[in-house]
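Please take a moment to look over the sequence and the model together before reading on. The paragraphs below move from a single residue outward to the chain as a whole, and then back to a few further residues.

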Amino acid sequence: MALCPCRKMTHNRHMPEPKISSPKTVTLALTGASGMGYGLRLLECLLDAGAGVRVLASQAAHVVAAQELSLTLPSRAAELETWLNARY
């Protein structure tokens, strides 16, 4: 089994080692489509890989986070940043 690039999950298929020469910055948009848990897991993997991440969350994302994960995301950008930094 190969280790996922985030180093926390294993898969039955071969996955080549990621080739990250230097930390990159990624913009992650949480749009409110179903799958909020996947988006937050991706955030965790990106941070574990050393990437800089900018997060955008729509109003619909706040609704989906509450429905799917029982999470209340802060509505103000600075408060969301503080919340994410404390969590991840």
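In this predicted model, His62 has its place in helix α2, which covers residues 59-69. The side chain of His62 reaches out to the backbone oxygen of Pro74, at 3.0 Å. Once the neighbours within four places in sequence are left aside, the residues in contact with His62 are Ala57, Leu71, Leu73, Pro74 and Ser75.

Another residue to follow is Val64, which, with its neighbours within four places in sequence left aside, is in contact with Gly32, Ala33, Ser34, Met36 and Leu69. Gly32, for its part, lies in the loop between β3 and α1. When the neighbours of Gly32 within four places in sequence are set aside, its contacts are with Ser58, Ala60, Ala61 and Val64. Gly32 and Ser58 are 26 residues apart in sequence, while their C-alpha atoms are 6.6 Å apart in space.

How, then, do helices α1 and α2 pack, at what angle and with their axes how far apart? Two packed helices are described both by the angle between their axes and by the distance between those axes. Helix α1, made of residues 36-48, packs with α2 at an angle of about 100°, and the two axes are 9 Å apart. Because angles of 65 to 115 degrees count as roughly perpendicular, α1 and α2 are therefore described as roughly perpendicular to each other. On the side of α1 the contact is made by Met36, Gly37 and Leu40, and on the side of α2 by Ala61, Val64, Ala65, Glu68 and Leu69. Sorted by character, the residues of this contact between α1 and α2 divide into six nonpolar, one polar and one charged.

Several of these names return in the largest nonpolar core, which comprises twelve residues in all and has Met36, Leu40, Ala61, Val64 and Ala65 among them. The core also includes Leu28, Leu30, Leu43, Leu71, Leu73, Leu80 and Leu84. The elements that give two or more residues to this core are β3 (25-30), α1, α2 and α3 (77-87).

It helps at this point to step back to the whole chain. The secondary structure of the protein chain comes to three helices and four strands, and from the N terminus on these elements run in the order β-β-β-α-β-α-α. Of the 88 residues in the protein chain, 26% are buried. Among the contacts in the chain with a separation of 6 or more, 56% are accounted for by residues 24 or more positions apart.

With that order in mind, one can return to helix α1, where Glu44, Leu47 and Asp48 may be taken in turn. Glu44 is found in α1, and because its relative accessible area is 24%, Glu44 is partly exposed. The C-alpha atoms of Glu44 and Tyr88 are separated by 6.5 Å, although these two residues are 44 residues apart along the chain. Leu47, also placed in helix α1, has a relative accessible area of 34% and is therefore partly exposed. Apart from its neighbours within four places in sequence, Leu47 is in contact with Val53 and Tyr88. Between Leu47 and Thr25, which are 22 residues apart in sequence, the spacing from C-alpha to C-alpha is 9.9 Å. Asp48 has its place in α1 as well, and at 44% relative accessibility Asp48 counts as partly exposed. Tyr88 appears once more here, since the C-alpha atoms of Asp48 and Tyr88 are separated by 9.3 Å, with their positions 40 residues apart along the chain.

A last stop is Ser70, whose place is in the loop between α2 and α3. Is Ser70 buried or exposed? At 65% relative accessibility, Ser70 counts as exposed, because exposed means over 50% relative accessible area. The backbone of Ser70 also deserves a look. Most residues other than glycine have a negative phi. The phi of Ser70, however, is near 55°, which is a positive value in a residue other than glycine.

Terms used: Residues are numbered from 1 along each chain as its sequence is written. This is a predicted model: local features need pLDDT of at least 70, side-chain atom pairs count only at pLDDT 80 or more; totals for chains, interfaces and linings use all residues. Side-chain values use heavy atoms; hydrogens and water are left out. A polar contact is a pair of N or O atoms within 3.5 Å; within protein, one must be able to donate a hydrogen and the other to accept it, and residues adjacent in sequence count only if both atoms are side-chain atoms. Contact means heavy atoms within 4.5 Å. Axes are lines fitted to C-alpha atoms, for helices over the stretch in contact, and angles run from 0 to 180 degrees between N-to-C directions. Angles under 35 degrees count as roughly parallel, over 145 as roughly antiparallel, 65 to 115 as roughly perpendicular and the rest as oblique. Ala, Val, Leu, Ile, Met, Phe, Trp, Tyr, Cys and Pro count as nonpolar, Asp, Glu, Lys and Arg as charged, and the others, Gly among them, as polar. A nonpolar core is a set of buried Ala, Val, Leu, Ile, Met, Phe, Trp, Tyr and Cys residues joined through side-chain atoms within 4.5 Å. Buried means under 20% relative accessible area, exposed over 50%, partly exposed in between (1.4 Å probe, protein chains only).
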